[in-house]
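This report covers protein–DNA contacts and charged pairs. Keep the structure in view while reading.

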Number of protein chains: 2
Amino acid sequence: MVEPAPPSELHAHLGYWLRMVSNAVSRSFARKVESEGVTVAEWVFLRVLYDFERLAPSELADRMGMTRGAISKLADRLVSKGLVVRRANPRDKRAHTLTLVPSGRALVVRLAQLADRNDESFFGNLAIEEREQLGQLLRRIAAAHGLATMPID
Amino acid sequence: MVEPAPPSELHAHLGYWLRMVSNAVSRSFARKVESEGVTVAEWVFLRVLYDFERLAPSELADRMGMTRGAISKLADRLVSKGLVVRRANPRDKRAHTLTLVPSGRALVVRLAQLADRNDESFFGNLAIEEREQLGQLLRRIAAAHGLATMPID
DNA sequence: TATTGTTATACTCTATAACTATA
DNA sequence: TATAGTTATAGAGTATAACAATA
């Protein structure tokens, strides 16, 4: 029995390296924010919310690329941690809004510093132009696949 | 009450873009390999095993950057799917070995094609030099943080 | 009927630690 | 005692679908 064409190797795929580095960066960041009692997904949730006075769960879901169910669960945790308040909209009683409380806002500031330090520890030894290159390539791929609700350059 | 320094934005961090793109690539690949009945982690497991006649679970754990417990669970699934066989070592009865069965080897070939196509769909619209740049940057970061048991260039 | 949000279910991945059997 | 591997537990992320309340 003849074996068919040899399979391409793991490290022949950019997706493989992307996943390896991304997982390491996220794991490292997860350990950092754990000291503040939150997860990476919670950080993103809080940081998005920081820019708005209040946001509907469905809007957060869109901005974070998550389902409403997932947002609901995240919101539960953050409410029970006392970082976020959930309110019903009196005009349309189906609609809710989520708002950061002051201690939540203060936490975002500390978490952002951890994010800065984490990025620095992984990408700090690249030259400025290299960091710029990497960012541009990633943003282009994200844009090409409609991943971002975030500004592209 | 004065608010402290404004927190850096999500998209100011390379880690953010890395995670966004990596998650999309992995999610897309997960859907592709699902048609062959396996997960992304199972693909990596199978592909590593393909290059060896047999491998100890602990060696697989080292090569995949996972714990032995995680490997044990993965191996269970792959054995029950009939892709891998687990054998005890008669010389040292503590030691086991894992081996791909022929249908498992054939599956790896098909999965590799899916990985090729997935990579192409995400990075195919980059110029050759850009793909090379991206790969080099990722491999350098991986090497700088001791992530890879894989060849670096 | 359609929409907003929540809840339930299920599975993968990850990490830690306890455990079994060998050595 | 140390080692190889398995098993147990628990939390987090993800996805789908059922569900309640409201429009």
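Does E53(A) count as buried or exposed, and what is the relative accessibility? E53(A) counts as exposed, at 63% relative accessibility. The model is predicted.

**Salt bridges**

Side chains of opposite charge can pair when their charged atoms come close. Over all chains, the structure holds 20 salt bridges. Three of chain A are listed here.

| Pair | N to O distance | Accessibility of each residue |
|---|---|---|
| E53(A)–R54(A) | 3.5 Å | E53(A) 63%, R54(A) 46% |
| D76(A)–R86(A) | 2.4 Å | D76(A) 41%, R86(A) 32% |
| D92(A)–R94(A) | 3.1 Å | D92(A) 29%, R94(A) 73% |

D76(A) sits in helix α4 of chain A and R86(A) in strand β1 (residues 84-88) of chain A, so their salt bridge ties together parts 10 residues apart in sequence. R94(A) is exposed, while its partner D92(A) is partly exposed. Shared partners also join E42(A), R77(A) and K81(A) into one salt-bridge network.

**DNA strand C**

DNA strand C is surrounded by 22 residues. R27(A), S58(A), R86(A), K73(B) and R77(B) are the closest. Of the strand C atoms within 4 Å of the protein, 65% belong to sugar and phosphate. The nearby surface has 11 charged, six polar and five nonpolar residues. α4(A) gives the most to this surface, with four residues.

R94(A) also contacts a base: a side-chain N or O atom lies 2.8 Å from a base oxygen of strand C. In chain B, polar backbone atoms approach phosphate oxygens of strand C. The distance is 3.0 Å for K93(B) and 3.5 Å for R91(B).

Methods. Residues numbered from 1 in each chain as written. Chains lettered and ligands numbered in written order. Predicted model: local features only at pLDDT ≥ 70, side-chain atom pairs only at ≥ 80, totals over all residues. Heavy atoms only, no water. Near = heavy atom within 4 Å. Polar contact = N/O pair within 3.5 Å; in protein donor to acceptor, adjacent residues only side chain to side chain. Helix = DSSP H or I, 4+ residues; strand = E, 2+ residues; numbered from the N terminus. Nonpolar A, V, L, I, M, F, W, Y, C, P; charged D, E, K, R; others polar. Salt bridge = Lys/Arg side-chain N within 4 Å of Asp/Glu carboxyl O. Buried < 20%, exposed > 50% of the residue type's maximum accessible area, 1.4 Å probe, protein only.
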